[in-house]
Amino acid sequence: MPPPIPTVRLSSDGPLVGAQGLGCMGMSEFYGDTDAGSARQTLDAALSAGVTLFDTADMYGHGDNERFLAPFVRAHRDDVVIATKFGSVRAADGSMSFSNDPAHIRRAVDASLARLGIEVIDLYYMHRRDPAVPLADSVGTLADLVQAGKVRHLGLSEVTGEELREAHAHHPISAVQSEWSLFTRDVERSLVPAAAELGVGVVAYSPLGRGFLTGALPDAFSADDVRSRFPRFTGENARHNTALLHPVTTIAADRDATPAQVALAWLHQRRTVHNVTVVPIPGTRRPNRLNENLAALELTLTADELALLEPIADQVTGDRYPDMAETSNAREI
Ligand SMILES: NC(=O)c1ccc[n+]([C@@H]2O[C@H](COP(=O)([O-])OP(=O)(O)OC[C@H]3O[C@@H](n4cnc5c(N)ncnc54)[C@H](OP(=O)(O)O)[C@@H]3O)[C@@H](O)[C@H]2O)c1
């Protein structure tokens, strides 16, 4: 068996985690049909390889993703760093709203603890910012949860650099989670510089561009796959963006690697470019892809290869979400 992957600390007082985590969202919904047996094997393979950061949220599968992870987390409680999130509220009709309200946070943490069947959440993220509630109130409530022993470390997702600074002034934030990949580099404008300055770790979500950067996406998505509604995956945008993969696939072929490994290696190398801790959390439900993705930790791209990849993000067409008002971009521009 290969040696376990290296570990990194997300921030000076944050959790120590394997240098690559596992996104568990797709194990319950969003990317079409899922096979629970294969997903369970993926969790076990990840842990054996030294992955410790497992990412979920209360809204994934309307709580089902936390319930699915519960037996695994409980069986390996001391070896797993479980990260979950509150703040995205889904109504029965499928509509989504956001709440950072203290009463909501207190209900949400108890519900996540109950679904996961554990006493304390290792890393608890605010999933989306609700500007109607002052950050001081939400972070103050989260600080109370740390005091009460329900949460170990705090994180924020889809926030601006300014919001991170403000929150961090109220209570240390251990990690920020945002979309970051060769296809999506908006975070480099304000969030990444703020995280670097404050010593906060960046957890890169959708590091494979929701699968786009693997070059292995199907031509059409099923109706239960959210990518069928995401602008950059559909119609003319999809055709245009697929052509942008050329440098990724060329480098992969030259280096006897896969496009997914090139995309993840590029993210790992952001650490030296931005002087910030970066932990990608690629999502997969298949053990073979998990191992393929972990091998990215052994690939170092040359300066020439990095230069070839540099122009990609600026050329991508189509928004990364159907409604950009739900993202940090909306509060940054
Ligand atoms: N904070 C937020 O707002 C937010 C938003 C989105 C996601 N997230 C978190 O970030 C995690 C990762 O993001 P993501 O799942 O959206 O996107 P991703 O990791 O960029 O890509 C996942 C997709 O790529 C496929 N895939 C993975 N490895 C592959 C490989 N080696 N070759 C070919 N295809 C491969 C997966 O399919 P298979 O599963 O079939 O392998 C899946 O369709 C999520 O699981 C979730 O925990 C957070």
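Colleague: In this predicted model, between which strand and which helix does the loop that holds A132 lie?
Modeller: As the model is a predicted one, the answer comes from its computed secondary structure. A132 belongs to a loop, with strand 8 (121-126) on one side and helix 4 (135-147) on the other. The two elements asked for are therefore strand 8 and helix 4.

Colleague: Is A132 buried or exposed?
Modeller: A residue counts as exposed when its relative accessible area is over 50%. The relative accessible area of A132 is 68%, so A132 is exposed.

Colleague: How many Å apart in space are A132 and A70?
Modeller: In sequence, A132 and A70 are 62 residues apart. In space, taken from C-alpha to C-alpha, the distance between A132 and A70 is 33 Å.

Colleague: Is N100 buried or exposed?
Modeller: N100 is found in the loop that runs between strand 7 (96-98) and helix 3 (102-116). Its place in a loop does not settle the matter, and we have to turn to the accessible area, where buried means under 20%. For N100 the relative accessible area is 0%, and therefore N100 is buried.

Colleague: Which residue's side chain makes a polar contact of 3.1 Å with the side chain of E179?
Modeller: E179 lies in strand 10, which covers residues 175-179, and at 4% relative accessibility E179 counts as buried. Its side chain makes a polar contact of 3.3 Å with the side chain of T184. The polar contact of 3.1 Å is made by the side chain of E179 with the side chain of R320.

Colleague: What is the approximate phi of R210, which is not a glycine?
Modeller: R210 is found in the loop between strand 11 (201-205) and helix 7 (235-243), and with a relative accessible area of 8% it is buried. Although R210 is not a glycine, its phi is positive, at about 55°.

Colleague: Where along the chain does F30 lie, given that its phi is positive in a residue other than glycine?
Modeller: The phi of F30 is near 90°, and F30 is buried, with a relative accessible area of 14%. As for its place, F30 lies in the loop between strand 3 (22-23) and helix 1 (36-49).

Colleague: Which helix gives the largest share of the largest nonpolar core?
Modeller: In soluble globular proteins, nonpolar side chains tend to be buried together. Here the largest nonpolar core has 102 residues, of which F54, L164 and W180 touch the most other members. The largest share of this core is seven residues, and they come from helix 9 (residues 259-268).

Colleague: Which helix gives the most residues to the shell around the ligand?
Modeller: The ligand sits in the largest pocket, and 32 residues surround it, the closest being Y31, D55, L208, G283 and T284. With three residues, the helix that gives the most to this shell is helix 11 (residues 287-294).

Colleague: What percentage of the ligand's exposed area does the protein bury?
Modeller: Let us start with the atoms beside the ligand: a polar side-chain atom of S157 lies 2.9 Å from a nitrogen atom of the ligand. Backbone N or O atoms also lie beside ligand oxygen atoms, that of P207 at 3.3 Å and that of L208 at 2.7 Å. Taken alone the ligand exposes 900 Å², and the share of this area that the protein buries is 96%.

Terms used: Residues are numbered from 1 along each chain as its sequence is written. This is a predicted model: local features need pLDDT of at least 70, side-chain atom pairs count only at pLDDT 80 or more; totals for chains, interfaces and linings use all residues. Side-chain values use heavy atoms; hydrogens and water are left out. A nonpolar core is a set of buried Ala, Val, Leu, Ile, Met, Phe, Trp, Tyr and Cys residues joined through side-chain atoms within 4.5 Å. Buried means under 20% relative accessible area, exposed over 50%, partly exposed in between (1.4 Å probe, protein chains only). Helices (H or I, at least four residues) and strands (E, at least two) are DSSP runs, numbered from the N terminus. A residue is near a molecule or strand if one of its heavy atoms lies within 4 Å of it. A polar contact is a pair of N or O atoms within 3.5 Å; within protein, one must be able to donate a hydrogen and the other to accept it, and residues adjacent in sequence count only if both atoms are side-chain atoms. Accessible areas come from the Shrake-Rupley method with a 1.4 Å probe; for residues, only the protein chains shown count as cover. On a 1 Å grid over the protein atoms alone, a cavity is a set of points where a 1.4 Å probe fits but cannot get out, and a pocket is an open set with protein on both sides within 12 Å along at least five of seven lines; lining residues have an atom within 4 Å of a point. A molecule sits in a cavity or pocket if more than half of its atoms lie within 2 Å of its grid points.
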